Amino acid sequence: MDPPEGLPPPEDLIACPGCDALYVAQMPDPKARAVCERCHRVLIAPRLDAGLRIIALTLAITILVTAAVFFPFLQIEAAGFGNRASILDVATSFRSGLLVLVSIATIAVIVLVPLARTLLLLYVLVPLTAGRRPARHARGAFRLAQEMKPWAMTEIFAIGCAVALVKVASLAHLEFGPAFWMFSVLVVIVIANDIYMCSWSIWKSIEDAE
């Protein structure tokens, strides 16, 4: 991808999110990618039938996040005592004082923000994939979904729990519940979803459909 010469229209430009280098946006050849010459970050990577795959993965994320809230996450037994807890139990365990804010933040970054982001993506992608006009306020919905991405920390929570549980395993008997395995699968699905999603292609599809 070559840097722009002169002053092309703003809608024809793309900025690298890594180093802010500016380029003229051009659709690469099939199975090719547009890469920043300065920091080598992938800027455009369209994939065949990516829309259907992203929708399928997004639906899977929505189902897993919703179900994992209510299923048991972990059971701990030590010294003859045992306890089983779900994500909802942990998030609502603090009901007074400043710890209420911890509960709200926990349930937000683990459940509410990821769930809201997946619903926004479905709202934008389903009409485009079906060959229809974009949904009302599709641009704003997709922009909001992209801004929420750093705050959707479900997979980070799953990885953090796995690391913490390794240290606790020597002190008590642990049994992983269905929610733990749902979060484990969720990590893989989120990574695959990010690989298939090309933000520039979605913006371009919205523009062309309008």
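This passage describes the fold, the nonpolar cores and several individual residues of a predicted model.

The protein chain holds seven helices and seven strands. From the N terminus on, the elements follow the order β-β-β-β-α-β-β-α-α-α-α-β-α-α. The chain has 210 residues, and buried residues account for 36% of them. Among contacts between residues at least 6 apart in sequence, 62% link residues at least 24 apart.

Confidence varies along the chain. The mean pLDDT is 79, and 86% of the residues reach 70 or more. Helix H4, residues 138-148, has the highest mean pLDDT among the elements, at 90. Strand S6, residues 81-86, has the lowest, at 69. Where pLDDT is low, predicted coordinates should not be read in detail.

The largest nonpolar core contains 25 residues. Within this core, Ile61, Phe73, Val111, Phe183 and Leu186 touch the most other members. Five elements each supply at least two of its residues: helix H1 (50-70), strand S5 (72-78), helix H3 (99-129), helix H5 (154-168) and helix H6 (178-196). H6 gives the largest share, with eight residues. Another core, of 19 residues, lies apart from this one. Its members include Ile55, Val113, Leu121 and Ile206.

Leu186 shows some of the packing in the largest core. Residues up to four places away in sequence are not counted here. Beyond them, Leu186 touches Ile61, Leu64, Val65 and Thr154.

Thr58 is found in helix H1. Thr58 counts as buried because its relative accessibility is 1%, and the cut-off for burial is under 20%. Outside the residues up to four places away in sequence, Thr58 touches Thr118, Leu121, Leu122 and Asn193. One of these, Leu121, is also a member of the core of 19 residues.

A charged residue is also buried. Arg117 lies in helix H3. Arg117 is buried, yet has no salt bridge. The nearest side chain of opposite charge belongs to Asp194, 4.8 Å away. A salt bridge requires a side-chain nitrogen of Lys or Arg within 4 Å of a carboxyl oxygen of Asp or Glu. A polar atom of the Arg117 side chain does lie 2.8 Å from the backbone oxygen of Ala145. Ala145 is also among the residues that Arg117 touches, along with Gln146, Met148, Lys149 and Met197. That list leaves out residues up to four places away in sequence.

Helix H7 spans residues 199-209. Its buried residues are Trp200, Ser201, Ile202 and Ile206. They pack against S1, strand S4 (42-44), H3 and H4. Ile206 is also listed in the core of 19 residues.

Strand S1 covers residues 13-15 and includes Ala15. Ala15 is partly exposed because its relative accessible area, 44%, falls between the 20% limit for buried and the 50% limit for exposed. Leaving aside neighbours within four places in sequence, Ala15 is in contact with Ala21 and Leu22. The C-alpha atom of Ala15 is separated by 8.3 Å from that of Leu43, a residue 28 places apart along the chain.

Methods. Residues are numbered from 1 along each chain as its sequence is written. This is a predicted model: local features need pLDDT of at least 70, side-chain atom pairs count only at pLDDT 80 or more; totals for chains, interfaces and linings use all residues. Side-chain values use heavy atoms; hydrogens and water are left out. A nonpolar core is a set of buried Ala, Val, Leu, Ile, Met, Phe, Trp, Tyr and Cys residues joined through side-chain atoms within 4.5 Å. Buried means under 20% relative accessible area, exposed over 50%, partly exposed in between (1.4 Å probe, protein chains only). Helices (H or I, at least four residues) and strands (E, at least two) are DSSP runs, numbered from the N terminus. Contact means heavy atoms within 4.5 Å. Lys and Arg count as positive and Asp and Glu as negative; His and the chain ends are not counted. A polar contact is a pair of N or O atoms within 3.5 Å; within protein, one must be able to donate a hydrogen and the other to accept it, and residues adjacent in sequence count only if both atoms are side-chain atoms. pLDDT is the predictor's confidence in each residue, from 0 to 100.
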